[in-house]
Amino acid sequence: MEKKTTFSNRWLPYVLVAPQITITLIFFIWPAGQALYQSFFVEDPFGLSTQFVWFDNFKDVLGDPLYFDSIVITAVFSLATTFLALGVSLLLAVMANRVVRGAGVYKVMLLWPYAVAPAIAGVLWMFMFSPANGIVAEALTAMGYDWNYLLNGNQAMALVVIAAAWKQVSYNFLFFLAGLQMIPKALIEASAIDGAGPARRFWTIVFPLLSPTAFFLMVVNIVYAFFDTFGIIHIITLGGPAGATNTLVYKVYNDGFIGLDLGGSAAQSVILMLIVAALTVVQFRFLERKVQY
């Protein structure tokens, strides 16, 4: 039976949703509209003159080979960050769900990284892996591994992926742990009595019941990798070396604020929004069919 909420005052629902609508209008709709408007103009760096150029900014962006390099880099970075963050957080949630003594301490310690700002996370990982004096870099060098992410593009990509995934693990862990605790233990105990081992119980009972949570987190993590990792990349690599970590969102900043190509940067922002929207639609259109609610 469907429950329907009723309000005695007809204006109360609008008052309740007004703050969220206001925030959305100020921090998303208005900037998105401004980016779309600026994408049709060429402006001088000081904003003193503008010229309407129709779709020339989009043509220049899509005709730039470096832009397609950034698309490939962003795809690799987003997929690697998403799967690493989801895999590690699911493993930690399963392990924490089994802990009986001191479980609260483990959970709090695993949640702490989420309180760290992306830029601060970037500073932490930069210090640890700095080729000059980083403690992890010195350990890798002592083991004979030639570590220098400032010169090696693959190492730089691996470092920003690990740092970005570490920042997101706490968020994923919280949802996975809540999902695990909602699974009826009677189902798991019944399958154990029937002779199913831990691995079979996980893949046939636990993971299917966690699929709505995993699907939601996958969408959130991909959006996070596209937009919220700017601070980590800016602190650790500045998009280098030689553009090896120059993701789409960092290229928007680099071309707009460093190169002062405001119209081109706005066009890139519009294309980036369309890419993320298309990815989200594809995920809900095709991948959601695999989810068992």
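Tutor: A contact here means that two residues have heavy atoms within 4.5 Å of each other. With that cut-off in hand, we can go through this structure, which is a predicted model.

Student: What share of the contacts in the protein with a separation of 6 or more comes from residues 24 or more positions apart?
Tutor: The chain runs through 12 helices and two strands, in the order α-β-β-α-α-α-α-α-α-α-α-α-α-α. Its C-alpha atoms fill a box of roughly 75 × 70 × 30 Å along the principal axes. Among contacts with a separation of 6 or more, the share from residues 24 or more positions apart is 68%.

Student: What percentage of the 293 residues in the protein is buried?
Tutor: The term needs its cut-off, since a residue is called buried when its relative accessible area is under 20%. On that basis, the buried part of the 293 residues comes to 38%.

Student: At which residue does α1 bend?
Tutor: Helix α1 has 27 residues, and from its first C-alpha to its last it reaches 38 Å, close to the 39 Å expected at 1.5 Å a residue. The helix nevertheless bends by about 40°, and proline 19 follows within four residues of the bend. The residue at which α1 bends is alanine 18.

Student: Which helices each supply at least two residues of the lining of the largest pocket?
Tutor: The largest pocket has a volume of about 500 Å³, and 19 residues line it. Those nearest its centre are Pro31, Ala35, Val252, Ser265 and Ser269. Pro31 and Ala35 fall within the range 12–38, Val252 within 248–258, and Ser265 and Ser269 within 262–286. The helices that each supply at least two lining residues are α1, α11 and α12.

Student: How many charged residues does the lining of the largest pocket have?
Tutor: Sorted by class, this lining has 15 nonpolar residues and four polar ones. The number of charged residues in it is given as no charged residues, that is, none.

Student: Which helix gives the most to the lining of the largest cavity?
Tutor: The count comes to one cavity of 30 Å³ or more, and the largest cavity has a volume of about 30 Å³. Its lining consists of Val219, Ile222, Val223, Val276, Leu279, Thr280 and Gln283, and by class it has five nonpolar, two polar and no charged residues. Helices α9 (198–227) and α12 each supply at least two of these residues. The helix that gives the most, with four residues, is α12.

Student: Is glutamine 168 buried or exposed?
Tutor: Glutamine 168 sits in helix α7, which covers residues 153–182. Leaving aside residues up to four places away in sequence, it touches Ala85, Val220, Asn221 and Tyr224. Its relative accessibility is 5%, and because the cut-off for this class is under 20%, glutamine 168 counts as buried.

Student: How far apart in space are glutamine 168 and valine 220, C-alpha to C-alpha?
Tutor: Valine 220 is among the residues that glutamine 168 touches, although the two are 52 residues apart in sequence. Taken from C-alpha to C-alpha, their distance in space is 9.9 Å.

Student: Which residues does serine 70 touch, not counting residues up to four places away in sequence?
Tutor: Serine 70 is found in helix α3, residues 65–98, and it counts as buried because its relative accessibility is 1%. With residues up to four places away in sequence set aside, serine 70 touches Asn246, Thr247, Leu248 and Lys251.

Student: Which two residues does a cis peptide bond join?
Tutor: The place to look is the loop between α10 (230–236) and α11, where proline 241 lies. The bond in question has an omega of about -5°. The residues it joins are glycine 240 and proline 241.

Student: Near what value is phi of alanine 242, and is this residue buried or exposed?
Tutor: Alanine 242 is found in the loop between α10 and α11, as is leucine 238. Phi of leucine 238 is near 55°, a positive value in a residue other than glycine, and leucine 238 counts as exposed because its relative accessibility is 54%. For alanine 242 the relative accessibility is 89%, so alanine 242 counts as exposed. Its phi, again positive in a residue other than glycine, is near 55°.

Conventions: Residues numbered from 1 in each chain as written. Predicted model: local features only at pLDDT ≥ 70, side-chain atom pairs only at ≥ 80, totals over all residues. Heavy atoms only, no water. 1 Å grid on protein atoms, 1.4 Å probe; cavity = no way out; pocket = protein on both sides within 12 Å on 5 of 7 lines; lining within 4 Å. Points joined across faces, edges and corners; volume = space filled by probe spheres on them. Nonpolar A, V, L, I, M, F, W, Y, C, P; charged D, E, K, R; others polar. Expected span 1.5 Å × (residues − 1). Bend = angle between axes of the 7 residues up to and from the residue. Buried < 20%, exposed > 50% of the residue type's maximum accessible area, 1.4 Å probe, protein only.
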